[in-house]
Amino acid sequence: MGEKTDVWQGTLSLMVLRTLQTIGPLHGYGIARRIEQTSGSMVAVKYGTLYPALLKLELEGYIAAEWGVSGNNRRAKFYKLTRAGGKKLAKEARQWERTTTAIARIFGPVETPGEEAL
């Protein structure tokens, strides 16, 4: 297994919203495992970071929570994406795409002086 990647400020919320959009309602443990699985184990989600992010998303109205029973028959809080969360995800995904494109350009092939860009 390779080195774990630190999560940039604000990207955990985006990953949570995307996970809930893709999978549907999940409890916190399931969200963390899915993010880790999807990233190929490159991202480690710490519970001390995840649960405050979930609470913030819930307070902002981007996710809703209700109590249910997990797969191992334990009581758990399940989170689901709200309509506002779907809109927020679409907006943030567009911004993420622009940002990563800009960064990719900066870290792309280095041109030597006098060379024209392709």
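Two strands count as paired if DSSP finds at least two bridges between them. In this predicted model, strand β2 and strand β3, which covers residues 75–81, are joined by 7 bridges and pair in the antiparallel sense.

The bridges can be followed residue by residue. I63 has L81 in β3 as its bridge partner, and E66 is bridged to F78 of β3. Between the two strands of this hairpin lie 5 residues, and N73 takes a positive phi near 65 degrees there.

Strand β3 also pairs with β1. These two strands run antiparallel and are joined by 2 bridges. H27 has F78 in β3 as its bridge partner, and F78 is also the partner of E66. Taken together, 3 strands form an open sheet with antiparallel pairing, in the order β1-β3-β2. The edge strands are β1, residues 26–27, and β2, residues 63–69, and each of them pairs on one side only. In a regular strand, side chains alternate between the two faces of the sheet.

The helices come next, beginning with α1, which covers residues 11–23. At 1.5 Å a residue, the 13 residues of α1 should span 18 Å, and the end C-alpha atoms of the helix are 18 Å apart, so the two values agree. After α1 comes G24, which has a positive phi near 100 degrees.

Helix α2 covers residues 28–38, and its axis comes within 10 Å of the axis of α1, the two crossing at roughly 100 degrees. Angles of 65 to 115 degrees count as roughly perpendicular, and α1 and α2 are therefore roughly perpendicular to each other. On the α1 side, the residues that meet α2 are L12, M15, V16, T19, L20, T22 and I23. On the α2 side, the contact is made by I31, R34 and I35. The residues of this contact divide into 7 nonpolar, 2 polar and 1 charged.

Which residues of α1 are buried? They are T11, L12, L14, V16, L17, T19 and L20. Among them, L12, V16, T19 and L20 also take part in the contact with α2. What do the buried residues of α1 pack against? Their neighbours include the helices α2, α3 (47–59) and α4 (83–106). They also pack against the strands β1, β2 and β3, the strands that form the open sheet. The buried residues of α1 thus link the description of the helices to that of the sheet.

Definitions and conventions
Residues numbered from 1 in each chain as written. Predicted model: local features only at pLDDT ≥ 70, side-chain atom pairs only at ≥ 80, totals over all residues. Heavy atoms only, no water. Helix = DSSP H or I, 4+ residues; strand = E, 2+ residues; numbered from the N terminus. Axes fitted to C-alpha atoms, helices over the stretch in contact; angles between N-to-C directions. Parallel < 35°, antiparallel > 145°, perpendicular 65-115°, else oblique. Contact = heavy atoms within 4.5 Å. Nonpolar A, V, L, I, M, F, W, Y, C, P; charged D, E, K, R; others polar. Expected span 1.5 Å × (residues − 1). Buried < 20%, exposed > 50% of the residue type's maximum accessible area, 1.4 Å probe, protein only.
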